[in-house]
Amino acid sequence: MWRNRIFWLSGLALCVSVASYAGELKTQQDKESYSMGLSLGNYLSNELYQQQQLGAKADVALVIEGFVDALKNQGKLTDDETVNLLNQRAETLNQARAAQRKQVAENNRTAAAAFFEKNAKVAGVTTLKSGLQYQMQQQGTGDVPKPEDVVTAKYRGTLLDGTEFENSGEQPVRFALMTMIPGLEEGIRQLHTGGKARFFIPAALAYGADGVGEVPPQAALIFDVELVKVEKPAKSHGGMMPGM
């Protein structure tokens, strides 16, 4: 996608007259002035590319002309006309984003249903009534956490396609179990301290139709978790882990 954007931007650059180039950047003022233009240009080019990906095309030459006219205070449209036109475009873009998000959600829902049906037949995978699936990798020997407990754990979270969105690294994280997304809370309660497992979490037990951050709507999640320690609430000082 980045490569496509570079090609698209190269076409945009051709719309700007070579005669407008100011020359070398000799002074601090030159560099600061150029930086302002570069920053605005990067923002505008990124915005135009994203809109184009949503099917909302724009005449780049006219975008540049409007930008230059604004600098000269010689706009061909009134402020009210400009606001109205941009509001209309914003509504079109919002509808396109909503349609795109709906399609992403439907694709994720279909992919998850097929995954969980197949995964349920894999040796060593247990399916709970909630729909949560897990595969025990190492049996622990310590305490089993209760919902109100505070736990310390190592974890790594990915989407079904392997895209990583969370990782504690080698340093365990301490958090209240009840602050977790439902799938992780239920999953970790299947572990004894010292145990390791892989949890397969349906979207309904994770971030559902909204998604969050790098997690898209209706995305099922996979978490590898090692339970390091379990503490009673009275002995804790709080703490949270991403994935709640």
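Start by selecting helix H3, residues 60-71: at 1.5 Å a residue its 12 residues should span 16 Å, and the end C-alpha atoms are 17 Å apart, which agrees. The expected span is 1.5 Å times one less than the number of residues in the helix, and helices (H or I, at least four residues) and strands (E, at least two) are DSSP runs numbered from the N terminus. The model is a predicted one, in which local features need pLDDT of at least 70 and side-chain atom pairs count only at pLDDT 80 or more, while totals for chains, interfaces and linings use all residues. Residues are numbered from 1 along each chain as its sequence is written, and side-chain values use heavy atoms, with hydrogens and water left out.

Stay with H3 and show the side chain of Asp-59: at the start of the helix, one of its side-chain oxygens reaches to within 3.1 Å of the backbone nitrogen of Ala-61.

Next, go to Asn-73, which follows H3 and sits in the loop between H3 and H4. Asn-73 is not a glycine, yet its phi is positive, at about 60 degrees. Most residues other than glycine have a negative phi. With a relative accessible area of 71%, Asn-73 is exposed, where exposed means over 50%, buried under 20% and partly exposed in between (1.4 Å probe, protein chains only).

For a second positive phi, select Gln-218, again not a glycine, with a value of about 60 degrees. Gln-218 lies in the loop between strand S6 (196-201) and strand S7 (221-231), and at 17% relative accessibility it counts as buried.

Now return to H3 and display Leu-62, Val-63, Gly-66, Thr-82 and Leu-86 together. What space lies in the second largest pocket? About 1,000 Å³ lies there, and those five are the closest to its centre of the 25 residues that line it. Helix H2 (28-53), H3 and helix H4 (79-119) each give two or more residues to this lining. A pocket is an open set of points on a 1 Å grid over the protein atoms alone, where a 1.4 Å probe fits, with protein on both sides within 12 Å along at least five of seven lines, and lining residues have an atom within 4 Å of a point. Grid points are joined across faces, edges and corners, and the volume is the space filled by probe spheres set on them.

Finish in helix H2 with Gln-51, which is buried at a relative accessible area of 9%. Leaving aside neighbours within four places in sequence, Gln-51 is in contact (heavy atoms within 4.5 Å) with Ala-56, Arg-89 and Leu-93.

Conventions
A polar contact is a pair of N or O atoms within 3.5 Å; within protein, one must be able to donate a hydrogen and the other to accept it, and residues adjacent in sequence count only if both atoms are side-chain atoms.
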